[in-house]
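Subject: Structure handover

Hi,

Here is the structure I promised to pass on to you. Have a look at it first, and then read on for what turned up in it.

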Amino acid sequence: MAVVRKSCLPRCLLTLMLLQLPKLDSAHFDVMGPPEPILAMVGADAELPCHLSPGTTRFLPGAGSAGLGGRHLGCNGRSILCVYFSSLSKIKPASPSSALGSEPHITMEVQESGEVRLECTSVGWYPEPQVQWRSTKGEEFLATSESRSPDEEGLFTVAASVTLRDSSMDSVSCCIRNLLLGQEKEVGISIPAPVSPRLTPWMVSVAVILVVLGLLTIGSMFFIWRLYKERSRERRSKFSSTGNHSFFADWKKAALHAVDVTLDPDTAHPHLFLYEDAKSVRLEDSRQKLPENPERFDSWPCVLGREAFTEGRHYWEVEVGDRTDWAIGVCRENVMKKGFDPMTPDNGFWAVELYGNGYWALTPLRTPLPLAAPPRRVGVFLDYESGDISFYNMTDGSHIYAFPGISFSGPLRPFFCLWSCGKKPLTICPVSEGPEGVTVIPEAQNLSKDIPLSRVGQDSTSGDTDTLRSKLISSQRSRGAP
């Protein structure tokens with residue numbers, strides 16, 4: 001029986017496959033990357049998935065236990081693949097997916113106006129970042145100007161500036177945020193205390209002009225003061241050689257017409273108290289019970305002299321002492337004695353007064369009288385035909401004031417007024433021998449004890465303080481005082 005030998009077909013097939021190995025090693029494949037961009041940080045590692053094209057897998061099968069020559073090759077169920085890139089011409093660089101830039105940097109500039117300008121810069125951002133300024137309290141405010149520009153690699157450089165006008169801010173911060181990554185970088189800066197702005201040429205010019213004007217003003221005030229002092233000195237020098245002679249000449253002419261003036265109680269205001277000799281009068285806070293008289297002043301605290309003048313020249317003197325307020329002059333006999341008509345020439349009054357620490361002529365607009373020395377005795381001269389009323393300071397012999405060129409009609413009478421209460425009266429005194437011979441009438445504190453009051457004052461209570469002021473006068477005078 002013949003023995004049949006085993007077939008050699010499997011060995012032939014294996015030999016044929018081994019002969020094809022060079023062809024398998026040189027097969028062409030395409031490596032395909034992912035269709036969408038991969039998010040990666042600049043400078044960090046990233047995994048790029050890929051696959052081969054075409055999709056058919058070629059591999060070298062393992063021989064198994066039935067391998068070549070019965071040997072175990074150690075690669076059962078595995079394939080060995082060698083990939084070669086024949087060309088890199090199709091590989092192109094792409095823009096970065098995202099990048100955090102450098103730490104922000106802030107520069108500061110103080111303007112001439114005192115304002116502070118800040119600029120925040122940073123490089124290497126992708127995509128375009130967002131810039132935000134913040135205060136220490138977390139309050140956000142907009143930048144004055146802002147720019148974002150990409151470089152050759154597509155990374156953005158940002159610059160944002162802001163001008164601070166609020167001097168209360170002590171520090172601010174600049175925050176740059178990558179919205180894609182949700183990350184940010186922030187830096188702060190302290191604001192110095194406000195300083196005075198630098199002087200500019202026009203500011204220096206204005207300052208120089210102001211200084212010059214100030215010096216000119218001071219010089220003018222000094223010149224006016226010197227002129228006033230010179231004029232005051234001239235007034236006081238009237239009693240020197242020639243000036244003294246001129247004053248005495250005028251005064252002696254007036255004194256030749258001296259008259260004896262007394263007070264008329266029928267015209268006295270109820271708050272005025274006359275002394276028995278009808279030469280002195282004072283104002284009291286209490287009101288007398290007097291008969292109604294159409295000739296009596298019922299509002300202004302005034303009294304007239306008994307004497308009426310319709311012609312000629314007349315002169316008398318009144319002792320005012322150191323009283324702080326009074327009015328003395330001449331008025332028409334028929335002046336309005338009821339109510340508060342202003343004491344002006346238009347209403348028939350020609351007078352001077354001391355009121356409010358100043359001397360005044362009772363003109364329609366009240367003329368101030370700059371006297372060199374306060375008078376203790378005042379001389380009054382009336383020239384009816386010439387239409388002149390003049391006042392003299394018998395303390396230093398100076399001329400106080402004159403109402404010239406008046407056209408008189410009807411009788412004129414001496415006029416007296418007091419604005420405050422006290423025991424110091426106004427007193428009509430004898431004509432003196434001139435300024436150097438002024439005789440001082442005793443004060444009212446002596447007269448009030450030695451000289452009894454007249455009939456009109458028997459039911460009254462006198463005031464005893466120099467500073468006491470009539471309530472009636474203070475309230476009424478404010479409404480209609482000349």
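Let me begin with a salt bridge: the side chains of D260 and K279 meet with an N to O distance of 2.1 Å. D260 sits in the loop between α4 (241-255) and β11 (272-274), while K279 belongs to the loop between β11 and β12 (280-283), so the pair ties together parts that are 19 residues apart in sequence. The two partners sit in contrasting surroundings. D260 has a relative accessible area of 54% and is therefore exposed, whereas K279, at 16%, counts as buried. Please keep in mind throughout that this is a predicted model.

In total, the structure holds 17 salt bridges. A second one worth your time is formed by the side chains of E317 and R377, at 3.0 Å from N to O. Here the partners come from two strands, E317 from β14 (residues 313-319) and R377 from β19 (residues 377-383), so this bridge ties together parts that are 60 residues apart in sequence. Both E317 and R377 are buried.

A third salt bridge joins the side chains of R366 and E353, with N to O at 2.6 Å. It links distant parts of the chain, 13 residues apart: R366 is in the loop between β17 (358-361) and β18 (367-368), and E353 is in strand β16 (residues 349-355). E353 counts as buried because its relative accessibility is 1%, while R366, at 22%, is partly exposed. There is also a network, in which R134, E140, R177, E184 and E186 are joined by salt bridges that share partners.

R366 comes up again when you look at the backbone. Its phi is near 55 degrees, a positive value in a residue other than glycine. Another residue of this kind is N357, with phi near 65 degrees. N357 is found in the loop between β16 and β17, and its relative accessibility of 80% means that N357 counts as exposed. While you are checking the backbone, look at the peptide bond from Y126 to P127 as well: it is cis, with omega near -10 degrees. P127 is in the loop between β4 (116-125) and β5 (130-135).

Now to the cysteines. How many disulfides does the structure hold? There is one, and it joins C120 to C174, with the sulfur atoms 2.1 Å apart. The torsion about the S-S bond of C120 and C174 is about -85 degrees, so the disulfide is left-handed. C120 lies in strand β4 and C174 in strand β9 (residues 171-178), which means that the pair ties together parts that are 54 residues apart in sequence. C120 and C174 are both buried.

C417, on the other hand, is in no disulfide; the nearest cysteine sulfur to it belongs to C302 and is 3.1 Å away. The cut-off for a disulfide is 2.5 Å between sulfur atoms, so you may want to look at that pair yourself. C417 counts as buried, at 1% relative accessibility, and C429 is buried too, with a relative accessible area of 8%.

As for the interior, the largest nonpolar core has 38 residues, and those with the most contacts inside it are W316, W326, I389, F391, F408, F416 and L426. Apart from this core lies another, of 18 residues, and I106, C120, F141 and V162 are among them. C120 is thus a residue to look at twice, as it also takes part in the disulfide with C174.

What does L426 touch, leaving aside residues up to four places away in sequence? Its contacts include W326 and F416, along with V281, V318, V320 and L418. Among the others are C417 and K279, the latter being the lysine of the salt bridge with D260 that I started from.

Lastly, there is D396, in the loop between β20 (388-393) and β21 (398-403). Is D396 buried or exposed? At 12% relative accessibility, it counts as buried. The side chain of D396 makes a polar contact of 3.1 Å with the side chain of N393, and another polar contact, of 2.8 Å, joins the side chains of D396 and S398.

Happy browsing, and do write if anything is unclear.

Best wishes

Technical notes:
Residues are numbered from 1 along each chain as its sequence is written. This is a predicted model: local features need pLDDT of at least 70, side-chain atom pairs count only at pLDDT 80 or more; totals for chains, interfaces and linings use all residues. Side-chain values use heavy atoms; hydrogens and water are left out. Helices (H or I, at least four residues) and strands (E, at least two) are DSSP runs, numbered from the N terminus. Buried means under 20% relative accessible area, exposed over 50%, partly exposed in between (1.4 Å probe, protein chains only). A polar contact is a pair of N or O atoms within 3.5 Å; within protein, one must be able to donate a hydrogen and the other to accept it, and residues adjacent in sequence count only if both atoms are side-chain atoms. A nonpolar core is a set of buried Ala, Val, Leu, Ile, Met, Phe, Trp, Tyr and Cys residues joined through side-chain atoms within 4.5 Å. Contact means heavy atoms within 4.5 Å. A salt bridge is a side-chain nitrogen of Lys or Arg within 4 Å of a carboxyl oxygen of Asp or Glu.
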